[in-house]
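Reader: I work mostly at the bench and would like to learn how to read a model of this kind. Could you take me through it, one feature at a time?

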Amino acid sequence: MPFSSTSDIRDEQLNPSTLHQLHEQGEHYRYALEAAGVGTWDWNMLRQTIHWDGLCQELFGFPNESTVTYTEVIRHIHPDDHVLLRQAIRAAIQSPHNRTCDVQFRTIIDGKQRWLDGKGKAYFDEENRLYRFAGIVRDVTEEVYTRHILQDNASIFTSITQAVPVALWMSDQQGYTTYTSKKWADWTGRDLDSHLGLGWLDAIVMEDREQAARVFQGDFQARRPHRSEFRIKHLDGSIRWVDCSGNPHYDSNGIFKGYVGAVLDITDRVITQQKLEISQDHFYNLIWQAPFAIGLYVTEDIRIEMANDALLRMWSKDSSVIGKKLGDALPELKGQPFEAILKEVYRTGIPYETQEERAELYDGDRLRPYWFKFTYKPLKNERGEVWSILHMAVDITERVLARQKIADAEANLRLAIDTAELGTWHLDLRDRTLSLSDRISDWLGMEPVSNLESILLRIHRKDLEHVGTSLNRAIEAGYSEPCNEEFTIVHRTTGQQRIVHAQARTLMDEDGVAYALTGTAQDITNQKLVKQELERLVQQRTEALRLSNLELEHSNENLRQFAFVASHDLQEPLRKIQSFITLLYNSDAKQLSSKGVSTLDRIHASASRMSTLISDLLVFSSLTQKEIPMAEVSLSKLVGEVLEDLEESIRQANVQLDVGPLPIVWGNASQLKQLLQNFLTNALKFGASDRINHIRISGSEAAEEAIETFNGFVRRYHWIEISDSGIGFEPTYQDRIFQMFQRLHSKEKYEGTGIGLAVCRKVAENHQGSITVSSIPDQGTTFRVNLPATPPLPMS
């Protein structure tokens, strides 16, 4: 209640000019608030009445009442927001330090809901008694609904991308991987954490690794979209090609955050709002400190009368532009429509408003595009003449860019779906309706929107049970793993059958209840048919190979029998020929001429060579047996036996022998002795006639890399070398000397049948070993043989 009264009476005559200036300033402030969509209110705490302007009357549903009571106002507030509003007001009028409030609430007018952003300040007298509560209110319905729509779209978009069969990844500002999806782990067989940082490079095939790293690093440093192709290797040894793509990611402040691959993870999309501190006593400061850009232009040549800090920041200018023509202050606007629009507004007095307009402005020392929501509102004097234009603008660049990124991501997703020939579908569990893409509609012969029951009828009866089980499992609360099934579908009218691979992701509401399934499907009929045909061809070729092997074994057996019989039966007439020649020598040699004796010598030599050849053939044929007994064999012992057999040949030759320690190997003693004898005979035969022939026999365990596998078994090998310092041969003959009947010298100069080294190679092959040779003409030859050290062991 009033407790005192004071008065002050002065005779103050205001001249018309002063009244006109005050009127224009009032109009200026009123238009500024009106153009910004801001309404003002003043609550008299003593009378409990609220006085507000026309915009507030409209926002609260009192279009013709400039003064109402708090009780009448609260009836128009949404019931769920009563407590929130009362708490905000109570905090402002009871706090000794913070006497302001800032709250968002809803009003209900004629059944329609509207979101408002209210700010207020409490005023107290000298005795700290509350007498006034005043502030502003702004309609933010569109912003709130837009935020909700963006959140819902982000949730749906995330669910769709998770159902697509691609791997997703993210990196930080330094290019280190911070996230990879499960699909990447499936492709590589490695733990997800092992791919973080630079670990993803370990999954790339070695030949591609350097190139992949270089391309990514180049794109990353240039902040350009990344695209590369390379191969990755699974732990089981399987290899696949991948197409890796990514785009740079920036936060709401334009700070580079890293790269997002395949899907843009737009989780940080917050629309910031500047708090507006309003006081009717400091209204002019409100214009300058407004969180949105405000400017004032005067005269027909559009001269800048006023520009607040927000507008100057938007222009990248300072206060020196005030008083200049807009075209002189911002020459970068030349060729852009803004100056022409302002002149048209000044001429016609018709406001211009746009929800989204592109402008090229300086960002530092370079031009770049911005987008604004702005208004050019003409301010008129009492005669209706335009005297200035009020410019109010809001920078919506981040929102536009975010929308463009979403559109680009959706376009990329659609392109990926079309490229992969995927169909998409969405099942609403609330009304059991199924939305199908055109591709799936064509497969089924159904309408794009159908009910679930009619779609289930199009699934082949052999797959219906497991598909139904999978669907029921997918809609269980808390089930987050994607649904993944293969089944056959039947066209409704033609009866055509297709095999499809379908994937789905369950969408949950805030209570954890499944409300929808969304996913993709791919026609894999041709893949299945190709796989079946390949399996049939493999089986057919396997059977043909088995028959060929049987025929080859039968042929080899016949050859072995022929060689054995032929060699055995041919020896008998040769022995008789040699016996008759001996009788001729003993009885009639003196009666023969020198020519006859020479002929007998030649016949005897030919018969001896024939006998040797038959013996060598018999040895070689014996090596073709499929199975030979194996045991531990001491090569040192075998070399001793061979040297004893060749003792006479060694004594007659100009030879120096050096035999080192030799290993124990796993093999057939008879065949290995034949191998060693042939090598040593070869070394003795081809010694140089003008110098001592140094023959060295050495052996050792093979290096680790000499371990090899045969038909699922592993073996460790030892090696033995026989080297000489004889006549040697040209390296071009390395393969020829191991072939049957191949000789590098005439039989008159060096005896032999050309079978000895072929026998050596066959012995090595029977032991699953190998032979290599190196030789230098007139310097010597070295043979190296790898032989198994142990029986074959399982690969485990």
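Author: What follows moves from confidence to the overall make-up, then to a sheet and to the nonpolar cores.

Reader: What does the chain average in pLDDT, and where does the score fall below 50?

Author: This is a predicted model, and pLDDT is the predictor's own confidence in each residue, on a scale from 0 to 100. The chain averages 77, with 76% of the residues scoring at least 70. Among its elements, helix α11 (residues 338–348) has the highest mean, 91, while strand β27 (residues 708–710) has the lowest, 51. The score is below 50 over residues 1–10, a stretch that has 1 contact in the model beyond near neighbours in sequence, and also over residues 745–750, where 8 such contacts are found.

Reader: How many helices and strands are there, and what percentage of the residues is buried?

Author: The secondary structure comes to 21 helices and 32 strands, and buried residues make up 38% of the 796 in the chain. Of the contacts with a separation of 6 or more, 54% join residues that are 24 or more positions apart.

Reader: Which strands stand at the edges of the open sheet of 5 strands, and which helix packs on it?

Author: In a sheet, one reads the order of the strands before the edges. Here the order is β8-β7-β11-β10-β9, with antiparallel pairing. Strands β8 (177–180) and β9 (226–233) each have a single partner, so one side of each is left without a neighbour in the sheet. The twist from one strand to the next averages 25°. Within the sheet, β10 (residues 239–250) and β11 (residues 256–261) pair over 5 bridges, and Y250 has F256 as its bridge partner. Helix α7 (residues 206–222) packs on the sheet, where it touches β7 (169–171), β9, β10 and β11, and its direction makes about 155° with that of β9.

Reader: Which residues touch the most other members of the largest nonpolar core?

Author: In soluble globular proteins, nonpolar side chains tend to be buried together. In this chain, the largest such core has 31 residues, of which L672, L676, F679 and I720 touch the most other members. Helix α20 (669–685) is one of the elements giving two or more residues to this core, and its share, 7 residues, is the largest. Leaving aside neighbours within four places in sequence, I720 is in contact with residues including L635, L662, L676, I697 and F783. Apart from this core lies another, of 29 residues, among them A293, A307, A329 and L333.

Notes:
Residues are numbered from 1 along each chain as its sequence is written. This is a predicted model: local features need pLDDT of at least 70, side-chain atom pairs count only at pLDDT 80 or more; totals for chains, interfaces and linings use all residues. Side-chain values use heavy atoms; hydrogens and water are left out. Helices (H or I, at least four residues) and strands (E, at least two) are DSSP runs, numbered from the N terminus. Buried means under 20% relative accessible area, exposed over 50%, partly exposed in between (1.4 Å probe, protein chains only). Contact means heavy atoms within 4.5 Å. Two strands pair if DSSP finds at least two bridges between them. Axes are lines fitted to C-alpha atoms, for helices over the stretch in contact, and angles run from 0 to 180 degrees between N-to-C directions. A nonpolar core is a set of buried Ala, Val, Leu, Ile, Met, Phe, Trp, Tyr and Cys residues joined through side-chain atoms within 4.5 Å.
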